[in-house]
Amino acid sequence: MSDSSAGAAGDVVAAAASTAAGWRRAGVAGAAIGVLAAGAAAGVAVERLTVGRGMRKKARLALDATGPYGSLRGTPGRAVADDGTELYYEVDEAEPAQPEAGTGPGSGGSRRRRLFGRKAPAPVTVVFSHGYCLGQDSWHFQRAALRGLVRTVHWDQRSHGHSERGRAQADGVALGIDQLGRDLKAVIDAAVPEGRIVLVGHSMGGMTVMALADQYPDLIRDRVAAVALVGTSSGRLGEVNFGLPVAGVRAVRRVLPGVLRALGTQAELVEKGRRATADLFAGLIKRYSFSSRDVDPAVARFAERLIESTPIDVVAEFYPAFTEHDKSGALPVFRDLPVLILAGEKDLVTPSSHSEAIADVLPDAELVLVPDAGHLVMLEHPETVTDRLADLLVRAGAVAAANVGEHGSTAQQPGRR
């Protein structure tokens, strides 16, 4: 092992030791979290033995500068939640239908015709809701593939992305998933005041869609044409083991809420620590976001940037809502609609068994379990997710026919027309 390699490994393990010590100071049970963090860091060290810290930093900067992910922008708008919080959204409008000329064999035709066949889509808006510690850009591939083909709305949940910090939470009000459902209603009222809607939600975004259905069942019945629930859960998240041993899971569940609250009160200090231990967090993010060994480094870095941009006090603020989340009673509202339920088979955050439980309540739904996929399945296997979403639009009657053979690769080249 070279001196620089040994130094890199030592840096990462030292960071892990420091992190573990910090967890220990939070309590005896917190030591279990420290051990897990140290284990993750050791994995990072082994993986990067031949790459020094300076080179890794340069690589991250290069990926940040050249990666196209998260670069798509639409017409901005703002909705106001019931507590006054401003919620940021963007709209991508559907392009006018193309003329018949140039659609024959060998001509290539328009993207609209490649994806949807010869009949223009019916008026419909697809509303995308993102997950915990992410943002609207987490749908980058799907947005790129559908851009111009159908009207879409992408929004940032409260305290995420460009949306305002939750005003009620700033005043000490605990956050619940029901609030997120009301937020989604405010976005729909502002961005889609009329017309049919397809709701797409990943992880926390799927829970948001369920909360909307629970509180506004008439909206679902009257205006929603289809629903896609990606890597999400209708409840019992307190039982998830995150791929950890039983003893470690029990300790984490016992101590993590208190530790997060404590860290949230020292946000500035913690953010400095996150930057100092970037390699450790990169390893943790990769483990809990992806399953494939050959994930594009630019995509992995993109996921890191999304998650890193969520302040620790926001992480702490949202976490308790998940253990209390239970919207299994709202699922029957979707029974008469085309529903897609999709998850990665190796998702450690919202295991695929939770998607199967949703499918048990909605037996007519399409259930897709993607092999070798983790929690961020829409980034890890974008073609598969976009294919199924396109097919859902067909089943919803939003389009007459579909030919989805090419749009997955189009998603990876957003500049191509």
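Start with the whole chain in view: of the contacts between residues at least 6 apart in sequence, 79% join residues at least 24 apart, where contact means heavy atoms within 4.5 Å. This is a predicted model, in which local features need pLDDT of at least 70 and side-chain atom pairs count only at pLDDT 80 or more, while totals for chains, interfaces and linings use all residues. Residues are numbered from 1 along each chain as its sequence is written, and side-chain values use heavy atoms, with hydrogens and water left out.

Switch to cartoon and you get 18 helices and 8 strands; these are DSSP runs numbered from the N terminus, helices being H or I with at least four residues and strands E with at least two. Of the 417 residues, 53% count as buried, that is, under 20% relative accessible area, with exposed over 50% and partly exposed in between (1.4 Å probe, protein chains only).

**Stop one: strand S2**

Select 86-92. This is S2, and 6 of its 7 residues are buried, so the strand is largely enclosed by the rest of the structure. What does S2 pair with? Strand S1 (residues 75-80) runs antiparallel to S2 over 6 bridges, and strand S4 (residues 151-155) also pairs with S2 in the antiparallel sense, over 4 bridges. Pairing here takes at least two DSSP bridges between the strands. To see the register, show Arg-78 with its bridge partner Tyr-88 in S2, then Asp-92 with Thr-152 in S4. The S1-S2 hairpin has 5 residues between its strands, and Gly-84 there takes a positive phi near 90°.

**Stop two: helix H13**

Now select 297-308. The 12 residues of H13 should span 16 Å at 1.5 Å a residue, and the end C-alpha atoms are indeed 16 Å apart; the expected span is 1.5 Å times one less than the number of residues. With 9 of the 12 residues buried, H13 is largely enclosed by the rest of the structure. Among those buried are Arg-301, Phe-302 and Glu-304. Zoom in on the N-terminal end, where Asp-296 acts as a cap: a side-chain oxygen lies 2.9 Å from the backbone nitrogen of Ala-298.

**Stop three: Ser-233**

Finish at Ser-233, in the loop between strand S6 (224-230) and helix H10 (246-264). Is Ser-233 buried or exposed? Buried, with a relative accessible area of 0%. A polar atom of the Ser-233 side chain lies 2.9 Å from the backbone oxygen of Gly-235. Beyond neighbours within four places in sequence, Ser-233 is in contact with Met-207, Met-210, His-325, Thr-350, His-354 and Ile-358, so show those side chains as well.

Technical notes: A polar contact is a pair of N or O atoms within 3.5 Å; within protein, one must be able to donate a hydrogen and the other to accept it, and residues adjacent in sequence count only if both atoms are side-chain atoms.
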